Structures are given as C-alpha cells and as structure tokens.
Amino acid sequence: MQATKVKITSVVIVVGMSSMLAAVVTDHWAVLSPRVEKLNATCEAAHFGLWRLCKKSIFIVEEDPQGKGCGPISLPGAKNCSYFKHFTSGEEAEVFEVKTQKEYNISAAAIAIFSLFFMILGTLCVIFSFGKGRDYLLRPAGMFFAFAGLCIIISVEVMRQSVKRMIDSDETIWIEYYYSWSFTCACASFTLLILSGVALLLISMPHMPRNPWETCMDAEPDTLD
C-alpha cells in the first residue's frame, strides 16, 4: 500500500520537476511592451527570464484593441536575445542597464539554482528509498521537495518585484506587461512540489495504532516491498 502511494506521489513529483525545469531554462517569465506612438511603424517588445532578455521588432499596422502597447508578442518579427551581463561577459541589452534592479534578477536566478539543488537531493532520496529497509529516506525526500517548492515561489516573488519596480520607474519605456507561460510553470511547480513533499512526509509517519492499547511506536509500519 505504501509503495503504491509513493509511486503516485513520484508521478506528481516528475510533473512538478518538469514544470520547474521548463521555467528555469526558458525566457518567457514576463513580456514587456512600450507605447506605440504611430501605426505602420516598427516597435520593440521584449520578454525575459532568469538568464536572458529577448527583444522583438514588430511592425504595427493596426492598434492593439486590448491596449496601446506593442504587440502581441506572438506577431512575426526579428528577434534578438542576449544574456544578462552579470552572468556572461559582453554587452548587455540597453533596457536592463539602468531600468532593472540587477540584484533582483541575480537573486531570483540564485534562488532557482538552490531549488534545483534541493530537487536533485529529493529525487536521490526517493530512488534509494525503494531499497529494503530504507523507508526512512522518504522523510528527508519530502523535506527537500518542500524546500524546492519554497525556493521557486520565492524566486517567482523576487522576479515579480523586479518587473513591478521596472514598470513603476520614471525612466522606463515600458507601459504594459504581463506574466507568460514560464511564470505559470514556476507557480505550478511550487504547488506540485509542496504537495508532493507534504505527501511524502505523511507517508513516512508512523501509522496510528490499530488497537487502543498500542502506541504509535508499537504499530508495525508499512514497507515498500
């Protein structure tokens, strides 16, 4: 019975890990749009993630009915991506030289790396827990996955504050923004990993006694055999 619960939880963990990896390695956390001054002209929208910024030149023929910004980002156009200067050498995109709080992006990326580290440790604990007499590894596995979920949601909040401060800046050229699918993947991974971590902790706890004269320590635990 316990082995079945662990396998079901493992499936949820795999989905959560996939969502986290998709969020960390992609650059569609937020989409930024400047004001469109005139039609039949080219404007430059942008989207970015933890590691790089991509700018896209879009030729605007008619005004966006949902606002006065440049886009939507799905329209065809030439795209140019550059990694943030604090991660690689070379020239960084101008938009992030002054208007973005660099410490926010560095913090978000660093916290995401910690999340990946906890996720790897949790995965190893789950794998080794299937060995005979190693059920105790489910408890640290649950804690590691819970820590991974907490780290990624902190990274999400740091990134959200970064975007907010950039939009609120008096010097910014951006008037509109929205969070894209990488941001959604990060939020989904937080939910799945937290739930999986709690589930593993509950599975690893001693079972309630079947008889009133027993204590929890007397009750025989289930095994993964």
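User: Which side chain meets that of Arg 52 in a salt bridge?

Analyst: That of Asp 27, at 2.3 Å, N to O. A salt bridge here is a side-chain nitrogen of Lys or Arg within 4 Å of a carboxyl oxygen of Asp or Glu. This is a predicted model, where local features need pLDDT of at least 70, side-chain atom pairs count only at pLDDT 80 or more, and totals for chains, interfaces and linings use all residues. Residues are numbered from 1 along each chain as its sequence is written, and side-chain values use heavy atoms, leaving out hydrogens and water.

User: Where do Arg 52 and Asp 27 lie?

Analyst: Arg 52 is in strand β3 and Asp 27 is in the loop between α1 and β1, so the salt bridge ties together parts that are 25 residues apart in sequence. Helices (H or I, at least four residues) and strands (E, at least two) are DSSP runs, numbered from the N terminus.

User: Is Asp 27 buried or exposed?

Analyst: Asp 27 is buried, with a relative accessible area of 7%. Arg 52 is partly exposed at 27% relative accessibility. Buried means under 20% relative accessible area, exposed means over 50%, and partly exposed is in between, using a 1.4 Å probe and protein chains only.

User: How many salt bridges does a search of the whole structure find?

Analyst: The search finds 3. Another one joins the side chains of Glu 44 and Lys 55, at 3.9 Å, N to O. Glu 44 lies in strand β2 and Lys 55 in strand β3, so this pair connects parts that are 11 residues apart in sequence. Glu 44 is partly exposed at 38%, and Lys 55 is buried at 13%.

User: And which residue meets Arg 160 in a salt bridge?

Analyst: Glu 157 does, at 2.9 Å, N to O. Arg 160 and Glu 157 are 3 residues apart in helix α3 (residues 138-168), which means about one helical turn separates them. Arg 160 is partly exposed at 31% relative accessibility, and Glu 157 is partly exposed at 32%.

User: Stepping back, how many helices and strands does the protein have?

Analyst: There are 4 helices and 5 strands. Along the sequence they follow the pattern α-β-β-β-β-α-α-β-α. Of the 225 residues in the protein, 44% are buried.

User: What about strand β1, how many of its residues are buried?

Analyst: 5 of its 5 residues (30-34) are buried. Ala 30, Leu 32 and Pro 34 point one way from β1, while Val 31 and Ser 33 point the other way.

User: Which strands do bridges join to β1?

Analyst: There are two partners to name. Strand β2 (residues 41-48) is joined to β1 by 3 bridges, and Val 31 stands opposite His 47 there. Strand β5 (residues 174-179) is joined to β1 by 5 bridges, with Ala 30 opposite Tyr 179. β1 runs antiparallel to β2 and also to β5. Strands count as paired if DSSP finds at least two bridges between them.

User: Moving on to cysteines. Which one does a disulfide join to Cys 54?

Analyst: Cys 81, with the sulfurs 2.0 Å apart. A disulfide is a pair of cysteine sulfur atoms within 2.5 Å, and by this rule the count is 1. Cys 54 lies in strand β3 (residues 52-60) and Cys 81 in strand β4 (residues 77-83), so the disulfide links parts that are 27 residues apart in sequence.

User: Why is the disulfide right-handed?

Analyst: Because the torsion about the S-S bond of Cys 54 and Cys 81 is about 110°. Cys 54 is buried at 0% relative accessible area, whereas Cys 81 is partly exposed at 27%.

User: What is the nearest cysteine sulfur to that of Cys 185?

Analyst: That of Cys 187, which is 9.4 Å away, and Cys 185 is in no disulfide. Cys 187 is in no disulfide either.

User: Last topic, helix α1. What should its 24 residues span?

Analyst: They should span 34 Å, and the end C-alpha atoms of α1 (residues 2-25) are 34 Å apart, which agrees. The expected span is 1.5 Å times one less than the number of residues. Among the buried residues of α1 are Val 6, Ile 13 and Met 20.

User: How far apart are Lys 5 and Leu 200 in space?

Analyst: They are 8.7 Å apart, C-alpha to C-alpha, and 195 residues apart in sequence. Lys 5 lies in helix α1 and is partly exposed at 37% relative accessibility.
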